[in-house]
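Welcome! Below are some short exercises, each with a solution worked out step by step. Have a look at the structure first, then try each task before reading on.

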Amino acid sequence: MIKNQENFCILPWIHLYAEPDGKVYPCCTASPFDGVTPVVGDLKENTLSEVYHSDQWNKLRKQMMNGERAEACTRCWQFDDAGGSSYRQHNNRVFEKFRHIVDETHDDGSIDDFHFKFINLRDSIECNFACLTCGPMWSTGWNKYNRIGKQITKGKTHLNDNSKVPIWDQVKEHLHTADSIYFTGGEPLMMPEHYKTLDYMIQNGLTDTRLIYNTNMSNLNLQKYNVLDKWKMFDRVEVGASIDAVGKRAEIIRWGTKWDEVEANLLSLKGYDNIHLGVDSVISLLNIDHVPTMQRHLEKVGIVDGSTIMSYNIAFGPDISITSLPDEIKQRMELYLLDHFNKYEGPLKHHMKWGYKQVINFMKEKNTWNRDQFKHLINYRYYFAKDDLLEHLPLVKEMYEHE
């Protein structure tokens, strides 16, 4: 019995999320960040089944049923409190049909059933980009630019290398009961494991499973594979394109981007009735002054329309967070976004209504501006992109020169 629907999340019953280092969390949003104690398992020591039935997961499910706000879920509480739509809310809507599984939960939070309905495994961090909102923990593309720590070796970048039981042997059976599979990375379209999974599903008649992606859309081919040849065989494919900007700014923020190629790949999805394109944007101080421009361009060239899901994923790290904008710039950005929203009458207005509200509320929630920290970010971490940042991103230049 769920005592408080307001703080409930379905995911601890139907989902686990594994990262390439073997760590397991309740979902991707519940992965650790500063000041929060995570709920975590380790595939180097346990199987997926053992993690799912562990005391940590039982406690989390019990907290959810009691209406308590688990600390591990802090990111979702922050989005909820800012008036936005959190990952928790989204998944409660999408997986409502599996609520009956919750009724089978024992008083201590344990559950006998073990058939995932939603699978999200990051097989590796192989990626061809060095996105400025990312880092070497999530992209091998960062290795040649990394000044933060040691190079990440290949053995540490693949989930299968960090599982005591081969991950494919653990996951394969769940493909037959899964409602949805989420491919992330790194860059999933670069991963042989991704195509192995698609081939298995096609061969076993599992093409009614919903496929979900988070991809930079830079390359639709890998060796003998073209991903469109695979996607057209599935009933529904939801492509979340990682787009934070367009044109030259896209090539800077998502370092390694060739915008003309990405735009052509996005347009190539048109004409496939089973492929549904969404835009997953990371909102940071690198692009908050560019979001309306990006949206106008994507709409103008026909990449997005009224059916497109526009996601506003706010960067949490204080170095690039919109909370780190100086107060006078925050005021200007709020007026800028509201002015665009009020004047805009196109098909994306319903997304802007809650998206812009969430961005503005989060930006104003606290003040983490630190001039010295920001200059260090540009001079040290982003040294390879510094000249382009200061030349092509006027807000970054203004903050860099801020007294």
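In which helix is Asn 91 found? Asn 91 sits in helix α5, which covers residues 87–94. Keep in mind as you go that this is a predicted model.

**Exercise 1. Describe the surroundings of Asn 91.**

Step 1: start with accessibility. Asn 91 has a relative accessible area of 2%. The cut-off for buried is under 20%, so Asn 91 is buried.

Step 2: look for a polar partner. A polar atom of the Asn 91 side chain lies 2.9 Å from the backbone oxygen of Tyr 87.

Step 3: list the contacts, leaving aside neighbours within four places in sequence. Asn 91 then touches Ile 10, Leu 11, Glu 96 and Phe 118.

**Exercise 2. Do the same for Arg 88, which is also found in helix α5.**

Step 1: the relative accessibility of Arg 88 is 8%, so Arg 88 counts as buried.

Step 2: follow the side chain. The side chain of Arg 88 reaches the backbone oxygen of Phe 8 at 2.8 Å. It also makes a polar contact with the side chain of Asp 80, at 3.0 Å.

Step 3: gather the contacts, again without neighbours within four places in sequence. Among them are Gln 5, Glu 6, Asn 7, Cys 76 and Trp 77.

**Exercise 3. Classify the ring pair of Phe 79 and Phe 362, and say what the pair ties together.**

Step 1: recall what describes such a pair. A pair of aromatic rings is described by the distance of the centres and the angle of the planes.

Step 2: apply this here. The structure holds 20 aromatic pairs. In one of them, Phe 79 and Phe 362 are 6.4 Å apart from centre to centre, with 25 degrees between the planes. Planes under 30 degrees apart count as stacked, and this pair is stacked.

Step 3: place the two residues. Phe 79 belongs to helix α4 (residues 74–81) and Phe 362 to helix α13 (residues 349–365), so the pair ties together parts that are 283 residues apart in sequence.

Step 4: check accessibility. Phe 79 counts as buried at 11% relative accessibility, and Phe 362 is buried with a relative accessible area of 4%.

Step 5: try another pair. The ring centres of Trp 369 and Phe 374 lie 6.0 Å apart and their planes are at 50 degrees, so this pair is tilted. Trp 369 is partly exposed at 22%, whereas Phe 374 is buried at 3%.

**Exercise 4. Find the aromatic cluster that includes Trp 142, and the charge over the ring of Trp 142.**

Step 1: the cluster is formed by Trp 142, Tyr 145, Trp 255, Tyr 383 and Phe 384.

Step 2: Arg 381 lies over the face of Trp 142, at 5.0 Å from the ring centre.

Step 3: for another example, turn to Tyr 52. Arg 61 lies over its face, at 4.6 Å from the ring centre.

**Exercise 5. Test whether helix α13 has the span expected for its 17 residues, then find what covers its buried residues.**

Step 1: at 1.5 Å a residue, α13 should span 24 Å. Its end C-alpha atoms are 24 Å apart, which agrees.

Step 2: pick out the buried residues of α13. They include His 351, Met 352, Gly 355, Val 359 and Phe 362.

Step 3: see what lies over them. The cover includes α4, β12 (275–283), α11 (291–300), β13 (309–314) and α12 (327–343).

**Exercise 6. Explain why Cys 76 and Cys 134 form no disulfide.**

Step 1: a disulfide is a covalent bond between the sulfur atoms of two cysteines. The cut-off used here is a sulfur pair within 2.5 Å.

Step 2: for Cys 76, the closest cysteine sulfur is in Cys 27, 5.8 Å away, which is too far for a bond. Cys 76 is buried, with a relative accessible area of 8%.

Step 3: for Cys 134, the closest cysteine sulfur is in Cys 131, at 6.0 Å, and that is again too far for a bond. Cys 134 counts as partly exposed at 23% relative accessibility.

Step 4: the count of disulfides comes to zero.

How values were computed
Residues numbered from 1 in each chain as written. Predicted model: local features only at pLDDT ≥ 70, side-chain atom pairs only at ≥ 80, totals over all residues. Heavy atoms only, no water. Phe/Tyr/Trp six-rings, centres within 6.5 Å; stacked < 30°, edge-to-face > 60°. Helix = DSSP H or I, 4+ residues; strand = E, 2+ residues; numbered from the N terminus. Buried < 20%, exposed > 50% of the residue type's maximum accessible area, 1.4 Å probe, protein only. Lys NZ or Arg CZ within 6 Å of the ring centre and 35° of its normal. Polar contact = N/O pair within 3.5 Å; in protein donor to acceptor, adjacent residues only side chain to side chain. Contact = heavy atoms within 4.5 Å. Expected span 1.5 Å × (residues − 1).
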